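Work through the following exercises with the sequence and the structure side by side, and try each task before reading its solution.

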Amino acid sequence: MPIPLVNLRKQYDPLKDEIRSGIERVFEGMQLFLGENVQALEKEFAQFCGAGYGVGVSDGTAALHIILRAMNIGPGDEVITVSHTFIATPEAIILAGAKPVFVDIDPSTYLMDVAKVEDKITPHTKAILPVHLYGQIVDMDPLLELAHKYNLRIIEDACQAHGAEYRGRKAGTFGDAAAFSFYYSKNLGAYGEGGFVTTNDPEIYRKVRMIRDHGSERRYYHDIVGINARLDEIQAVVLRAKLKHLNEYNQLRREHALLYNKLLQGSVAITPVERAENKHIYHLYVIRAPKRDELQAWLKEHGIFTGIHYPVPNHLQPALKFLGYKQGDFPVTEKIVSEIISLPMFPELTEEEIEAVSREVNDYLVNH
Ligand SMILES: *Cc1c(COP(=O)(O)O)cnc(C)c1O
């Protein structure tokens, strides 16, 4: 039996009745956008995170973009973030008209190296945008101190961190606002597109709500220029059904990670580091291995499907060439992206599957 990187079907089966009857009710009422399910989800997911306010939006990229717009960050402004992230992070900054300024990552967690951020601050810097990549929260205390010292905004990219914790608090509560994605493979995933913004700031909340719906609070009366980034009711039904189980899904991912760590111990593979103050929720289980591409091909031949998140860092992407970065600018990022490989990880993964994957990885590393 092949082992996929993620298996959505297994999560659907036990939720089938609840999701189907919820969707049926949406069709009966024909309130398709921003209706009772979106409103309920906004309360429920904000509460899950421990944030004051929540806004459902169309996707995670829009969530980041809308937050920047709500903070009036645009042309002439700089936002400090990492190169080692999905392109949506710098893309949102560019869409807002601002300039992403990259910083290297920590070689053990692969997250923003917070010690390198202060050097990047200029008179144009308006915000720091840490990315809680793979499901682990960036070291927020020093960042919050910097933000205070230089009067900067903090925007969390929590698109891979639904339920991740740092010093006992969940992602989405540290910065001025946070963006979540409900892309289907995320720890909380829709059956289509979805995203979310959390904030404790009533003014940001008000503006984010307006911008997602053409800059209006009242239909056809537009106070600011917004976009169309509404969340639909069908996705909200799916998300509410899954949200009830998110803690349990995250716990299972943590248990799977522990088992992988144990079974891969003693090999040359480098397993993920969970910092003491963190609760990692393993959106992805990423190891580092020599001859990574050959390992990936070998695993595929043996029916095990993996991913590379991400093979080309943003500062070397053709699309972002105009930013002026070059090879060698971020040595840690460049080294790590050549070694990382994401092993199968989803809550319904079985012990036997984790054993089979680990056995193949160990076999390959011993014999090649
Ligand atoms: C998924 C993701 C996004 C974008 O979310 P979409 O819903 O796909 O637009 C942004 N940042 C990171 C780190 C992501 O993983």
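**Exercise 1.** Find which residues line the second largest cavity of this predicted model, and sort them by character.

*Solution.* Begin with the lining itself, which is made up of Ser108, Thr109, Tyr110, Leu111, Leu133, Tyr134, Gln136, Pro272, Val273, His280, Leu284 and Val286. Next, sort these residues into classes, which gives eight nonpolar, four polar and no charged residues. Finally, note the volume of the second largest cavity, which is about 80 Å³.

**Exercise 2.** Describe the lining of the largest cavity and give the volume of that cavity.

*Solution.* A search of the whole structure finds two cavities of 30 Å³ or more, and the largest cavity holds about 90 Å³ of space. Its lining consists of 14 residues, and those nearest the centre of the cavity are Leu8, Gln11, Ser185, Lys186 and Arg253. Sorted by character, the lining of the largest cavity has five nonpolar, five polar and four charged residues.

**Exercise 3.** Classify the ring pair of Phe45 and Phe182, and say which parts of the chain the pair ties together.

*Solution.* The search of the whole structure finds 17 aromatic pairs. For Phe45 and Phe182, take the distance first: the ring centres lie 5.6 Å apart, and a pair needs centres within 6.5 Å. Then take the angle: the planes stand at 80°, and because angles over 60 degrees count as edge-to-face, this pair is edge-to-face. Now locate the two residues: Phe45 belongs to helix 2 (residues 36-49), whereas Phe182 belongs to the loop between strand 8 (177-181) and strand 9 (195-199), so the pair ties together parts that are 137 residues apart in sequence. Both Phe45 and Phe182 are buried.

**Exercise 4.** Phe182 also pairs with Phe196; decide whether that pair is stacked, tilted or edge-to-face, and whether the two residues are buried or exposed.

*Solution.* The centres of Phe182 and Phe196 are 6.0 Å apart and the angle between their planes is 55°, which makes the pair tilted. Phe196 lies in strand 9 and Phe182 in the loop between strand 8 and strand 9, 14 residues apart. For burial, the relative accessible area of Phe182 is 0%, and that of Phe196 is also 0%; because buried means under 20%, both residues are buried. To complete the picture, ring pairs link Phe45, Phe48, Phe180, Phe182 and Phe196 into a cluster.

**Exercise 5.** Which charged residues sit over the rings of Phe48 and Tyr221?

*Solution.* Over the ring of Phe48 sits the charged end of Lys170, 5.0 Å from the ring centre. Over the face of Tyr221 lies Arg218, at 4.0 Å from the ring centre.

Key:
Residues numbered from 1 in each chain as written. Predicted model: local features only at pLDDT ≥ 70, side-chain atom pairs only at ≥ 80, totals over all residues. Heavy atoms only, no water. Phe/Tyr/Trp six-rings, centres within 6.5 Å; stacked < 30°, edge-to-face > 60°. Helix = DSSP H or I, 4+ residues; strand = E, 2+ residues; numbered from the N terminus. Buried < 20%, exposed > 50% of the residue type's maximum accessible area, 1.4 Å probe, protein only. Lys NZ or Arg CZ within 6 Å of the ring centre and 35° of its normal. 1 Å grid on protein atoms, 1.4 Å probe; cavity = no way out; pocket = protein on both sides within 12 Å on 5 of 7 lines; lining within 4 Å. Points joined across faces, edges and corners; volume = space filled by probe spheres on them. Nonpolar A, V, L, I, M, F, W, Y, C, P; charged D, E, K, R; others polar.
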